[in-house]
Every structure is written in C-alpha cells, then in structure tokens.
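Got the viewer open? Let's take a walk through this chain, one selection at a time.

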Amino acid sequence: MAAGSSAPASSVRFDLPEPDAFTEPYWAAAAEGRLLVRHCRDCDRTHHYPREFCPACWSENVDWTEASGRATLYTWSVVHRNDLPPFGTRTPYTAAVVDLAEGPRMMTEVVDCAEQDLAVGMDLEVTFREAEGFRVAVFRPAS
C-alpha cells in the first residue's frame with residue numbers, strides 16, 4: 001500500500017453514492033424502496049438528477065416528490081467489459097437511460113431482462129439493488 005493511502009486500490013468502489021445534506025432525502029427514500037424526483041412548484045415540472053433549482057425555469061421553489069416508479073426504455077448499452085471495481089464482476093450488464101413517467105430522463109441499469117428482449121419504449125418499473133448499506137434505483141421489465 002502506498003504511503004498515505006488508507007486502503008488497497010482493489011477495495012475502491014466506483015458504484016457507491018456520496019450522500020450529502022441535500023441528497024439525504026433521496027437516499028433515505030431509496031432505503032425504503034421509494035424513488036424521489038425533484039418537483040418545481042412554480043412551473044410544475046419534475047427533474048432528475050436532483051438539483052436545488054429547476055432547470056426549466058430556474059426557480060429555487062423545488063421540493064422532493066415520490067415518483068411512480070414507472071418508466072420506458074429510451075436507450076441502452078450492454079457492457080461486456082469494465083475494469084472498475086465492482087463492475088467487472090457484474091458483466092455483462094445493461095447501462096440505460098429511461099424516461100420516467102413523470103417526465104425526466106434518468107441514467108440507470110436494466111436488470112432481469114435478457115439482451116435480446118430489450119426494446120426502445122418497453123415498460124419498466126423501479127426496483128432497488130443493495131450495495132454496502134445503500135439501495136440504488138435500477139429498473140426491470142414491468143410486470
């Protein structure tokens with residue numbers, strides 16, 4: 001181990017969030033199996049990723065709201081090789097962009113779906129992956 005480092009490079013994780021005071025409600029809801037998005041009370045639009053202002057009208061009059069968990073597949077890429085821990089142990093996996101029913105797009109992963117069954121516009125529903133004390137939103141084909 002190099003001087004001054006606290007952990008061997010092999011233990012570094014690239015898939016875990018770094019919550020802060022602003023994103024804590026998002027991660028707390030995810031721990032309960034709920035997906036939150038930001039909602040602007042001035043223009044009535046939702047957005048994701050979480051920001052402290054509305055990207056549509058720039059208002060700071062935004063709050064957290066629970067999303068339905070429904071989405072459609074916009075695009076995807078099946079990743080067959082990734083050298084960053086722990087992704088290499090998960091290959092192949094499907095990195096995706098989905099359109100949430102509430103309007104915004106979200107980068108995520110599609111799980112429980114064979115590559116040949118993926119299709120633009122397919123209906124998806126949120127589920128959560130456990131990762132060292134966090135629950136991370138991913139999507140699967142809607143039942």
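Start with the whole chain in cartoon view: its secondary structure comes to 1 helix and 8 strands. Here helices (H or I, at least four residues) and strands (E, at least two) are DSSP runs, numbered from the N terminus. Reading from the N terminus on, the elements go α-β-β-β-β-β-β-β-β.

A quick word on what you're looking at: this is a predicted model, where local features need pLDDT of at least 70, side-chain atom pairs count only at pLDDT 80 or more, and totals for chains, interfaces and linings use all residues. Residues are numbered from 1 along each chain as its sequence is written, and side-chain values use heavy atoms, with hydrogens and water left out.

Zoom out for a moment. The C-alpha trace spans about 50 × 45 × 25 Å along its principal axes. Of the 143 residues in the chain, 37% are buried; buried means under 20% relative accessible area, exposed over 50%, and partly exposed in between (1.4 Å probe, protein chains only).

**Stop one: the open sheet**

Select residues 36–40, which is strand β1, then add β2 (46–47) and β3 (62–66). These 3 strands form an open sheet in the order β2-β1-β3, with antiparallel pairing. Because β2 and β3 stand at the edges with a single partner strand each, one side of each is left without a neighbour in the sheet. Two strands count as paired if DSSP finds at least two bridges between them, and β1 and β3 have 5 bridges. Want one to click on? Val37 has Thr65 in β3 as its bridge partner.

**Stop two: around β4**

Now pick β4, residues 70–79. Strand β5 (residues 93–100) runs antiparallel to β4, and 8 bridges join them; Ser77, for instance, has its bridge partner Ala95 in β5. Strand β7 (residues 123–131) is also antiparallel to β4, joined by 3 bridges. There, look for Ala71 with its bridge partner Leu124.

**Stop three: the largest pocket**

Next, show Asp15, Met107, Thr108, Val136 and Ala137. Of the 26 residues that line the largest pocket, these are the closest to its centre. The pocket holds about 700 Å³ of space. What counts as a pocket? On a 1 Å grid over the protein atoms alone, it is an open set of points where a 1.4 Å probe fits, with protein on both sides within 12 Å along at least five of seven lines; lining residues have an atom within 4 Å of a point. Its volume is the space filled by probe spheres set on the points, which are joined across faces, edges and corners.

Which element gives the most to the lining? That's β6, with 5 residues.

**Stop four: Met106**

Stay in strand β6 and select Met106. Met106 is buried, with a relative accessible area of 3%. Skipping residues up to four places away in sequence, Met106 touches Tyr26, Leu35, His48, Ala96, Val97, Val98, Leu100, Ala137 and Phe139 (contact means heavy atoms within 4.5 Å). Remember Val37? Met106 and Val37 are 69 residues apart in sequence and 10 Å apart in space, C-alpha to C-alpha.

**Last stop: the cysteines**

Finally, select Cys43 and Cys54. Why is there no bond here? Their sulfurs are 3.6 Å apart, too far for a bond; a disulfide is a pair of cysteine sulfur atoms within 2.5 Å. A search of the whole structure finds 0 disulfides. Cys43 is partly exposed at 29% relative accessible area, whereas Cys113 is buried at 18%.
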